Structure formats: C-alpha cells, structure tokens
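Trainee: I would like to go through the cavity and one helix pair here. Please show me the model before we start.

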Amino acid sequence: MPHRLATAALVTCAAMLAATGCSSNFGDDKKTEQDTGSQQHLTVLIASSGDAETKAVKAAAAAYAKQSGNTVTVQLAKDINQQLAQSFAGHKPPDAFYVNSDQFANYAKGGSLYAYGDQIKDADDFSAQLRTSFTYDGKLVCLPKDTSTLALAINDDLWKKAGLTEKDYPTTWAQLKTVADKLTKGDVTGLVTAAEHARLGVFMRQAGGWITNDDQTKMTADSAQNTEALDYVRSLLKSGSMKYASQVDTNWGGEALGKGKAAMTIEGNWLIGGMKADYPDVKYTAVPLPAGPAGEGTLAFSQCWGVAQESAHRAAAVDLVKYLTTSEQMLKNADAFGVMPSRTSALAEYATKNPDAKAWVDASAHAQGPVTVAGFEKVLTQFNTDLAALPNTDPKKILADLQRNGEQALTKGN
C-alpha cells in the first residue's frame, strides 16, 4: 500500500511551485464559469494501493455515471502530490481527487480546494477526529474517503513455537518487552516495524504525548512523555528484540511478518489485503496495541476526496463525492481492498462482517490523527530520518530538533 506505508519525503507545492504558492487562483481574480449542463464530463485522479483499489474506484465511477448521466474518467497517478501541484499551477486540475493528509493544508491554504463540507447534510456521521483532519479555517473542506488505524499483528505459528498462548498477548509495555525478548531467536525478531513516526508515534500517544497540541497551534514534542516513549523504543532496539523493517531486508512490517522474519509487527488494517495477496498461507492475529503509562493509543490515517476550486464542474464533482462516500460504497471498498469505512454507521456494519479486524476497528475510539499544518511534511520527513538513527541517538536531541523545526513550520503554516 504505497500511499499508506510510509510518510516519506514528498515533492510538495512549497518546494516545486513557490511562485504560485500552490494556489490555483494566483494572479487571477476571475471566477471559473460553472457548467450547468445535464451531461458533464468529470476527471478523477487517484493514487492507488493496487489493482483492487483501482478497479473498485473505476467500478464506482461507472455506476455513478450510469445513474447520473455524467461521464467520469478515472486517472491513476504515479506521484499524486507532484501531479496535483503541477495541475493547480497550470490551472488545469482534475475535478475530484485524493488528497493526502500531509498535503491537505498546503492545498487549502493555497486556495486550490473547494470547501463543500457545508453541503453534506450528514457530515456528523464521519468521526470528529476525521473531520478535524480535513478542516481548514473552521470549514470542513473535504470528506474522508476511508480510515485506517494501527494494531499489533502476531504470526500465530511463531507465537506458538515460542510456547506462548492467547493469555500472553501483551497489554502493557512491560509485557510487550517480555514477549519480544522471548520471540527473538535466530532469524526471527520479536517486533519489526517501520522507522517512522507513523508507526513509532503510537508509543508517544501511549505515554501521553504527541507532536503538537490538539488544535495544532503549539509544539509539544520536547516533553517528558515523548522522551519516555522514545527511551522505551530505543531500549527494545538496543536489546535486539525490535528491529526496523529495513534491518531485516524487508520493505514493511507486513513483509517481515509474512516471511517469518518478524513474530510481531505494528501495522494498519491494510495488512489484511497485503497478507491475503502475498502470504495467504501465513496465519496471524491482530490484537490491540499494548497500553503505555497514559493508557491506550494508536494513530489514524485517511485521505479525503478533494474538489478543485478551479473545476468548471464543482456541483457535479460534489455529487460524485457524495456517491463515493455512501455507506454502501465504503463497504464495497472495504471488501475490495481492506480499508475501513470513514462513516461511523458503516464502520459498525464493517465490524460485524469482519471480526478479524476488531482490533483495528476498536482502535478508532482512541486514535490520534495526523498533523495537518501547511509545510509540516518537511518537519516530519526530518523526524523520520532522526528516528531511523534512534538506536545511537539521544531521544532528547531528536525531540529538541523536532520541537525547533516544528515551531518554525507552525509560524509559517498557521
């Protein structure tokens, strides 16, 4: 799942198009004339996790076209951030498109997104956390298309081989350390996950910390809670009972779990599709992440359906988005490529149909959303680089650098 596996360094509007500020209206006060015809042609740009997602979106678009009389062309992006930035700067954006949470504020601040949230009568069916992730200047700009959380996935065979049972599933940090030590033997590492804040951040939340305050106006990185979290992770890394995915010659936690190099991994519910496709014979169990000193904590991920401010088909594009974000369509997507519905009502039905996903569904109740401040993705990219060096670096230095870099970004982004 390329667009969910890492918060990698991305080509951003700020870097590529400083002259335009990523604003589709830069230097042009004219309003885009709107098409009011009954048969309109819409273009949609997506970043797909694979063939299953691409087929699902195209099938939904075709069903909408048949119902509405409009036509829809779905285009698959190679680098959606770069392609969107170029289309905004060239005043030729797609009508509707995926918006990554780390780029959302850049596009909203630049005036590239049409805020349609006030046209969604049942917007409160989307969780407050998800709505907050895609709100700018007090307005819900775009609807979250799905959601994902993180849980602890366990290789059942390796677990049993180590003499462990269901009673040994870890519920605290101390228990996680104990089982990780016991599972680490030979070519098997107890816990393997990615070297990035989008995985290790769960420990910060479980310790009672996070990168910013709730309204993202103040940095809270350099705290005792976050230090405790990274100290704990560092202790596991130094003991050898935890390794990063790259250290065991894998690209992500799911691959490490599937190949038997990891007995446990911290991954999202997209693991379901990944394991089914690549390691169908490997049995695993997903359980809640162990609680830390401050209790339970996980991270939530999502993208939203953006509509271009410069689109000549805004009303039709919003109509399409409404169709794509119905409970029925979300449940179809869940079956097709493993994402969880972003609608609370649909999530309840998903949980009933997918009992194996219970750990991920239940985690939604205490999930931390991403930092969505314009320009902040550069801060997080550096933080990920620093986390990769955590085994040999003082956590206090990493957090002090994050605090300083983040404060500069908040000053510019808010």
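Mentor: On a 1 Å grid over the protein atoms alone, a cavity is a set of points where a 1.4 Å probe fits but cannot get out, and lining residues have an atom within 4 Å of a point. This is a predicted model, where local features need pLDDT of at least 70 and side-chain atom pairs count only at pLDDT 80 or more, while totals for chains, interfaces and linings use all residues. Residues are numbered from 1 along each chain as its sequence is written, and side-chain values use heavy atoms, without hydrogens and water.

Trainee: Which elements give two or more residues to the lining of the largest cavity?

Mentor: The lining consists of Ala-56, Val-57, Ala-60, Tyr-98, Lys-145, Asp-146, Trp-305, Leu-324, Gln-329, Asn-333 and Phe-337. Helices are DSSP runs of H or I, at least four residues, numbered from the N terminus. The elements asked for are helix H3 (51–68) and H14.

Trainee: How much space lies in the largest cavity?

Mentor: The structure holds 1 cavity of 30 Å³ or more. A volume is the space filled by probe spheres set on the grid points, which are joined across faces, edges and corners. For the largest cavity that space is about 80 Å³.

Trainee: How is H14 oriented to H15?

Mentor: The axes, lines fitted to C-alpha atoms over the stretch in contact, give angles from 0 to 180 degrees between N-to-C directions. Those of H14 (residues 327–337) and H15 (residues 344–353) come within 9 Å and cross at roughly 40°. Angles under 35 degrees count as roughly parallel, over 145 as roughly antiparallel, 65 to 115 as roughly perpendicular and the rest as oblique. H14 is therefore oblique to H15.

How values were computed:
1 Å grid on protein atoms, 1.4 Å probe; cavity = no way out; pocket = protein on both sides within 12 Å on 5 of 7 lines; lining within 4 Å.
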